[in-house]
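Work through the exercises below with the sequence and the model open. Each task is followed by a solution in steps.

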Amino acid sequence: MTTTTTPAPVTPTTKSDERKSREARRRFTGSSITTVTWLLAFIFFSPVIWLVMTAFKPESLAASNPPVFFFVPTFEQFGAVLAGGAGGYFLNSLIATGVSTVLVILLAVPAAYAVSIRPVKKTQDVLFFFISTKMLPVVAVIMPIYVIAGQLKVLDNIGTLIILYTAMNLPIAVWMMRSFFQEIPAEVLEAASMDGAGLIKTLRTILMPMVTPGLAATALICVIFAWNEFFFALNLTAANAATVPVFLVSQMTSEGLFLAKLSAASVLASLPVVIAGWVAQKQLVRGLSMGAVK
Amino acid sequence: MANTLVDRHNLKQHARKEPKDGDGRSKAEGWRRRGPLLPALIFTIIVTQLPFLVTIWYSLRNWNLLRPDGNQFTGLQNYVDIFMDSTFRSSAVNSIVITLGCVFLAMVLGIIFALMLDRKFRGQGVVRTMLITPFLIMPVAGATLWSISMLNPSFGLVNWVISLVGIPPVDWTASYPIVSILMALVWQWTPFTMLLVLAGLQSQPKDVLEAAQIDGAGWTKTFLWVTLPQLRRYIELGVLLGTIYVVNTFDQIYLMTAGGPGTASANLPFYIYQRAFLGFDIGQAAAMGVVVVIATIIIASFALRLIFRSFDAKD
């Protein structure tokens with residue numbers, strides 16, 4: 001839809017002058033947009049800066065009014081967090097995140113392969129079934145899970161978290177991997193399936209190399225969601241299997257407020273996912289849209 | 001039903017290559033195709049659907065852990081009770097306000113940020129990295145960051161900033177609990193909408209934009225008549241997926257306001273959690289869970305089909 005607009009007002013300058021001034025004006029608006037961009041980005045990012053600054057403060061300067069912006073940074077709080085038994089929580093998070101992500105991949109790849117190789121009406125229904133479980137509010141299943149886990153004596157058990165995190169991420173992984181399989185030319189899929197080679201061999205030797213980037217993107221998304229998960233961890237774990245988010249909350253409530261230490265713990269807790277997300281920025285959007293956006 | 005569909009499809013596919021290979025062969029073929037799907041399907045059904053069936057069972061029982069005489073079948077009594085419960089209704093309203101508010105504001109900010117990023121400038125990569133970071137911060141850490149470091153009435157950064165222009169300090173989480181929660185949520189989810197919209201902007205055919213420019217359309221006109229229609233399905237997708245994620249918000253409410261003051265800022269996930277784990281009223285909490293699931297599925301199912309169809313159609 002385009003409309004004719006009135007031509008630019010005629011000025012008594014020569015053509016080249018006019019072009020020059022227009023060029024200059026464009027460069028000026030360009031650089032002012034860049035300035036505004038930087039400014040807005042800085043404002044939006046400032047809570048992160050503030051969090052990191054607070055983490056490097058001595059406790060006496062952390063919760064102060066007016067806020068302190070210049071100080072001698074110290075690693076004291078990070079040391080306190082690590083000495084305060086954070087290691088066990090990080091290990092639990094590492095196990096829950098790592099094992100559940102491997103399980104998700106092992107279950108999702110064959111499933112995505114099955115729904116991509118020859119989509120029929122029924123596979124659509126299966127795909128929508130998977131995604132509908134993602135919409136199931138976790139609060140609606142937490143009570144039976146709590147009661148059943150109690151009867152099976154697997155409360156406060158990393159295995160329970162692993163199973164739940166696998167179920168939580170599986171729908172996203174199936175949708176994502178499907179979008180990567182769909183990029184493989186139909187003839188390749190067809191040939192692979194007609195070959196008569198076993199499923200595992202077909203997947204491993206022919207298809208997997210083609211979807212390795214997709215696999216990495218899928219794993220990244222699963223890691224983000226599993227690492228950050230709080231609700232199940234809060235309700236189903238205690239001393240043995242508690243993960244990093246639970247540790248963070250315990251920092252806040254157990255012994256009064258030590259803001260600098262809490263901030264240091266927050267930085268440490270967020271760091272793995274932040275770095276992974278920075279490195280794999282390009283894959284993020286595809287994962288978050290479950291493969292719909294390339 | 002499924003078998004016949006799959007078989008018919010397979011037969012059609014193989015009609016030329018393998019004529020008359022019989023019913024048994026194609027049935028086996030169908031299983032060979034569906035087999036890889038089964039582990040994921042069975043696992044998902046066991047872990048997500050079975051507990052939900054138990055939830056439905058609980059919702060029909062009068063089970064309160066504080067009343068040992070309870071746990072009998074009461075039919076739909078729990079459902080009647082929760083619809084009489086004004087806190088359930090106010091939590092439902094809060095759920096809607098928080099979800100729609102967060103998705104709308106995050107979308108507006110996301111569009112602005114995406115437009116800013118969709119041009120070449122010095123430090124583009126750095127700005128992009130800065131803008132996606134809030135999404136990567138652990139939500140529990142983000143919630144405590146907002147409720148303490150940013151919004152604390154005596155030493156929070158926000159009150160210091162507004163004091164520079166002479167506004168007296170505000171006790172954010174007590175006076176404006178939902179606004180406070182929205183700040184943390186919008187901050188967390190804007191990168192998500194931004195990335196989706198940015199993907200939409202970058203998929204725009206450049207020649208269309210150039211044509212609009214040559215025709216003399218200004219930036220505003222180009223944006224309204226060319227870019228925005230192009231972005232529509234990306235925005236729809238962002239709204240839908242954002243809603244799915246945000247409607248289940250728990251961390252921020254648990255940590256920032258604990259649903260308070262009173263129950264002023266409780267959403268449904270938080271209220272159900274309170275009824276179950278602090279009130280020990282399993283029956284009513286289960287009934288609320290069932291109602292929420294039914295509502296979510298009704299709202300989301302048709303929207304999902306609509307939107308993913310529009311994306312698949314393009315491929």
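**Exercise 1.** In this predicted model, find how many residues of domain 1 of chain B are in contact with domain 2 of chain B, and sort them by character.

Solution. Start with the bounds: the domain assignment places domain 1 of chain B at 2-59 and domain 2 at 77-314. Next, count the residues whose C-beta atoms, placed from the backbone, lie within 7 Å of one across the boundary. Five residues of domain 1 of chain B meet eight residues of domain 2 of chain B. Last, sort the domain 1 side: three are nonpolar, two are polar and none is charged.

**Exercise 2.** Repeat the analysis for chain A, and give the distance between the domain centres.

Solution. The assignment for chain A gives domain 1 as 15-55 and domain 2 as 76-288. Over C-alpha atoms, the centres of these two domains of chain A are 38 Å apart. Contacts between them involve four residues of domain 1 and seven residues of domain 2. On the domain 1 side, three of the residues are nonpolar, one is polar and no charged residue occurs.

**Exercise 3.** Describe the side of chain B that touches chain A.

Solution. First take the totals: 86 residues of chain B are in contact with 84 residues of chain A. Then look for the element of chain B that gives the most to this side; helix 15 (residues 282-314) does, with 14 residues. Finally, divide the chain B side by character, which yields 62 nonpolar, 16 polar and eight charged residues.

**Exercise 4.** Summarise the fold of chain B by its elements, burial and contacts.

Solution. Counting elements gives 15 helices and zero strands in chain B. Of the 315 residues in chain B, 42% are buried. Among contacts in chain B with a separation of 6 or more, 68% join residues 24 or more positions apart.

**Exercise 5.** Compare the span of helix 5 of chain A with its expected value, and list its buried residues.

Solution. Helix 5 of chain A covers residues 139-151, 13 residues in total. At 1.5 Å a residue the expected span is 18 Å, and the model gives 19 Å from first C-alpha to last, close to that value. Its buried residues are A:Val139, A:Ala140, A:Val141, A:Ile142, A:Met143, A:Pro144 and A:Ile145. After the helix comes A:Lys153, with a positive phi near 60°.

**Exercise 6.** Where in chain A is the pLDDT below 50?

Solution. Chain A has a mean pLDDT of 83, with 87% of its residues at 70 or more. The pLDDT is below 50 over residues 1-6 of chain A, a stretch with nine contacts beyond near neighbours in sequence. Where pLDDT is low, predicted coordinates should not be read in detail.

Definitions and conventions. Residues are numbered from 1 along each chain as its sequence is written. Chains are lettered from A and ligands numbered from 1 in the order in which they are written. This is a predicted model: local features need pLDDT of at least 70, side-chain atom pairs count only at pLDDT 80 or more; totals for chains, interfaces and linings use all residues. Domain bounds come from an automatic or database domain assignment. Two residues are in contact if their C-beta atoms, placed from the backbone, lie within 7 Å. Ala, Val, Leu, Ile, Met, Phe, Trp, Tyr, Cys and Pro count as nonpolar, Asp, Glu, Lys and Arg as charged, and the others, Gly among them, as polar. pLDDT is the predictor's confidence in each residue, from 0 to 100. Helices (H or I, at least four residues) and strands (E, at least two) are DSSP runs, numbered from the N terminus. A residue is buried if 20 or more other C-beta atoms lie within 10 Å of its own, exposed if 12 or fewer, and partly exposed in between; C-beta atoms are placed from the backbone. The expected span of a helix is 1.5 Å times one less than its number of residues.
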